[in-house]
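Reader: I am new to this structure and would like a close look at a single part of it. Please take one helix and follow it outward to whatever surrounds it.

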Amino acid sequence: MTTFKNRVNKNIAVLQFDTDPDYNINLNRLVQAIKNNSQADIIVAPEVVFTAFDYDNFDKASEFYDKAIETLCANINNQILALTLVRKTENGIMNSAVII
């Protein structure tokens with residue numbers, strides 16, 4: 001994790017950690033990282049933090065989207081969280097940027 005202040009005096013935490021094949025473990029790691037960085041105004045998570053690039057299981061990964069968003073919304077306070085998630089859209093499965 002790297003924390004720094006930018007020109008508008010906001011604390012930004014840039015997270016980096018290994019992902020596990022178990023999506024729930026990754027979700028719990030991110031929730032803990034949010035709690036550990038309570039001083040940060042903005043938190044940036046690693047790309048596809050929950051599912052990594054689980055190409056063989058993109059349908060399963062996209063099904064995790066709703067649970068992940070619900071859990072994150074319940075655990076973030078006044079912070080801004082930036083992350084990417086695999087989700088199913090009308091155009092197929094996408095890696096989407098999400099800001100909470």
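Which residues of H1 are buried?

Author: The model is a predicted one. In helix H1, the buried residues are Tyr23, Asn26, Leu27, Leu30, Val31, Ala33 and Ile34. Around the axis they cover an arc of only 160 degrees, which puts them on the same side of H1. The face turned away from that buried side carries Asn28 and Asn36, which are exposed.

The length of the helix can be checked as well. H1 has 14 residues, and at 1.5 Å a residue these should span 20 Å; the end C-alpha atoms are 20 Å apart, which agrees. At the start of H1, the backbone nitrogen of Asn24 has a side-chain oxygen of Asp22 within 2.8 Å.

Next comes what lies over the buried side. The cover of the buried residues of H1 includes strand E3 (residues 42-44), helix H2 (58-63), H3 and E4.

Leu30 is a useful residue to follow from here. Leaving aside residues up to four places away in sequence, Leu30 touches Leu15, Phe17, Ala45, Val49, Phe50, Leu72 and Leu81. The largest nonpolar core has 25 residues, and those touching the most other members are Leu30, Phe50, Leu72, Leu81 and Leu83. H1, H3 and E4 each supply at least two residues of this core. H1 gives the most, with six residues. As a general matter, nonpolar side chains in soluble globular proteins tend to be buried together.

H3, one of the elements that cover H1, can be read in a similar way. Helix H3 runs over residues 65-75, and its buried residues are Ala68, Ile69 and Leu72. They cover an arc of only 95 degrees around the axis, which puts them on the same side of H3. Asp66, Glu70 and Ala74 are exposed on the other side of H3. The packing partners of the buried residues of H3 are helix H1 (23-36), strand E4 (80-89) and strand E5 (92-99).

Back on H1, Tyr23 leads to the aromatic rings. Two aromatic pairs turn up in a search of the whole structure. In one of them, the rings of Tyr23 and Phe64 have centres 5.5 Å apart and planes at 65 degrees, so the pair is edge-to-face. Tyr23 belongs to helix H1 and Phe64 to the loop between H2 and H3, so this pair ties together parts that are 41 residues apart in sequence. Both Tyr23 and Phe64 are buried. Ring pairs join Tyr23, Phe50 and Phe64 into a cluster. Phe50 is also among the residues that touch the most other members of the largest nonpolar core.

Ile34, another buried residue of H1, leads to a polar side chain. Gln79 sits in the loop between H3 and E4. Gln79 has a relative accessible area of 9% and is buried. Not counting residues up to four places away in sequence, the contacts of Gln79 are Ile34, Asn37, Ser38, Ala40, Asp41, Ile43 and Ile100. With Asn37 there is a specific atom pair: a polar atom of the Gln79 side chain lies 2.9 Å from the backbone oxygen of Asn37.

H2, also part of the cover of H1, contains Ser62. At a relative accessibility of 9%, Ser62 counts as buried. Ser62 touches Val86, Arg87, Lys88 and Ile93, again not counting residues up to four places away in sequence. Ser62 and Lys88 are 26 residues apart along the chain, while their C-alpha atoms are separated by 5.6 Å.

Last is the loop between E3 and H2, which holds Val48 and Ala52. Most residues other than glycine have a negative phi. Val48, although not a glycine, has a positive phi of about 35 degrees. Ala52 also has a positive phi, near 50 degrees. Their exposure can be set side by side: Val48 is buried, with a relative accessible area of 2%, whereas Ala52 is partly exposed, with a relative accessible area of 23%.

To return to the starting point, H1 has its buried residues on the same side, and H1 gives the most residues to the largest nonpolar core.

Terms used:
Residues are numbered from 1 along each chain as its sequence is written. This is a predicted model: local features need pLDDT of at least 70, side-chain atom pairs count only at pLDDT 80 or more; totals for chains, interfaces and linings use all residues. Side-chain values use heavy atoms; hydrogens and water are left out. Buried means under 20% relative accessible area, exposed over 50%, partly exposed in between (1.4 Å probe, protein chains only). Helices (H or I, at least four residues) and strands (E, at least two) are DSSP runs, numbered from the N terminus. The arc is that of the directions from the helix axis to the C-beta atoms. Contact means heavy atoms within 4.5 Å. A nonpolar core is a set of buried Ala, Val, Leu, Ile, Met, Phe, Trp, Tyr and Cys residues joined through side-chain atoms within 4.5 Å. The expected span of a helix is 1.5 Å times one less than its number of residues. A polar contact is a pair of N or O atoms within 3.5 Å; within protein, one must be able to donate a hydrogen and the other to accept it, and residues adjacent in sequence count only if both atoms are side-chain atoms. Rings of Phe, Tyr and Trp (its six-membered ring) pair if their centres lie within 6.5 Å; planes under 30 degrees apart count as stacked, over 60 as edge-to-face and the rest as tilted.
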